[in-house]
Amino acid sequence: MADLITVEDPDDPRLRDYTGLTDVELRRKREPAEGLFIAEGEKVIRRAKDAGYEMRSMLLSAKWVDVMRDVIDELPAPVYAVSPELAERVTGYHVHRGALASMQRKPLPTADELLQTARRVVVMESVNDHTNIGAIFRSAAALGMDAVLLSPDCADPLYRRSVKVSMGAVFSVPYARLDSWPKSLDSVREAGFTLLALTPDEKAKTLDETAPHKMQRVALMLGAEGDGLSTQALVAADEWVRIPMAHGVDSLNVGAAAAVAFYAVATGRPTPGPGQEGLSSHSRLP
């Protein structure tokens, strides 16, 4: 059973995991280095726990103690009960959900490990907005994508904002970071995946024309909001695909575009015949 500890000093060193949560640059460096991330809100905390993440501590306002009582009673981690005012002074913002937990990160799998069993993979290039990362993970989980691969400069999926926007879906879809970009895409292709680059370019085929749901293994490539995929990534792709637009709209927010494309990629997955698991031929774009 966890200890319930009332804290009244915002400078108490036991609250260090929760200090300065609005300082993005500080947290994005500190959290991976110290092997922690912050889960916010009852549902997200429970999903992190159910996904097997070890809890370091919880920080709760008084009215949330009873709501989280079963979690408190199950875990040995300390629980710090604080006033809403003190929570705001520590974290830097009004914690309106009333519950935070500091969780221990797990070692990430390698891309090669994920590619062994996956059939539908998301590949993100330079997506560094935490809201977009969270939205894409939520859609990936809901629409049946098997794994996410991140270019080295993508944002942290376990940053508090990403976790919150995804409603904990970042715990449901395994992910790995690619070692180099775009060279690591060669290993994705070698694992039997067709690389599809999502782009509004008029030279791209529509998703209906490409029929990715009929392909054995697909890696759908997404670029950052605004800039899209780089020239190097587009050249590395096997095919370019686009979502047809109406009423003069030229593109969608990357989170919305991802959801549409995931549905097209994951619907009606083929069942491979004997000896055909994950095998396909590829022709790269010039």
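1. Salt-bridge network. Arg16, Asp17, Arg30, Glu34 and Arg56 are joined to one another in a network of salt bridges. The model is a predicted one, and the count of salt bridges in it comes to 19.

2. The Arg30 and Glu34 link. Within that network, the side chains of Arg30 and Glu34 meet in a salt bridge, with 3.2 Å from N to O. Both residues belong to helix 1 (residues 24-34), and because they are 4 residues apart there, about one helical turn separates them. Their surroundings can be stated as well: Arg30 has 9% relative accessibility and counts as buried, while Glu34, at 28%, counts as partly exposed.

3. A bridge between distant parts of the chain. Which residue forms a salt bridge with Arg105? The partner is Glu31, and the closest N and O atoms of the pair are 3.8 Å apart. Arg105 sits in the loop between strand 5 (99-104) and helix 5 (111-117), whereas Glu31 is in helix 1, so the bridge ties together parts that are 74 residues apart in sequence. Buried means under 20% relative accessible area. Arg105, at 19% relative accessibility, therefore counts as buried. Glu31 is also buried, with a relative accessible area of 1%.

4. A bridge within helix 2. Glu42 and Arg46 form a salt bridge in which the closest N and O atoms are 3.0 Å apart. The two residues lie in helix 2 (residues 42-50), 4 residues apart, or about one turn of the helix. Glu42 counts as partly exposed, its relative accessibility being 26%.

5. The five-stranded sheet. An open sheet is formed by 5 strands in the order 1-4-3-5-2, with mixed pairing. Strand 1 (4-6) and strand 2 (36-40) are the edge strands, each pairing on one side only. On average, neighbouring strands of this sheet are turned by 20° against each other, direction ignored. As background, strands of a sheet pair through backbone hydrogen bonds, either parallel or antiparallel.

6. Strands 3 and 5. How many bridges join strand 3 to strand 5? There are 5 bridges between strand 3 (residues 55-61) and strand 5, and the two strands run antiparallel. Leu59 stands opposite Leu100, which is in strand 5.

7. Helices across the sheet strands. Helix 2, which holds the Glu42 and Arg46 pair, lies across strand 2, strand 3 and strand 5 and runs at about 20° to strand 5. Helix 4 (residues 84-91) lies across strand 3, strand 4 (79-82) and strand 5, and its angle to strand 4 is about 115°. Strand 3 and strand 5 thus appear in the list for helix 2 and in the list for helix 4.

8. Overall build. The protein has 11 helices and 12 strands. Its radius of gyration is 21 Å, close to the 19 Å that the globule rule gives for 286 residues, so the protein is as compact as a globular protein of that length. The C-alpha trace spans about 65 × 45 × 30 Å along the principal axes of the protein.

9. Burial, contacts and surface. Of the 286 residues in the protein, 51% are buried. Among contacts with a separation of 6 or more, 78% are between residues 24 or more positions apart. The accessible surface of the protein is about 13500 Å², and carbon and sulfur atoms account for 50% of that surface.

Conventions
Residues numbered from 1 in each chain as written. Predicted model: local features only at pLDDT ≥ 70, side-chain atom pairs only at ≥ 80, totals over all residues. Heavy atoms only, no water. Salt bridge = Lys/Arg side-chain N within 4 Å of Asp/Glu carboxyl O. Buried < 20%, exposed > 50% of the residue type's maximum accessible area, 1.4 Å probe, protein only. Pairing = 2+ DSSP bridges. Axes fitted to C-alpha atoms, helices over the stretch in contact; angles between N-to-C directions. Contact = heavy atoms within 4.5 Å. Rg over C-alpha atoms; globule rule 2.2 N^0.38 Å. Areas by Shrake-Rupley, 256 points an atom, 1.4 Å probe, with all protein chains shown as cover.
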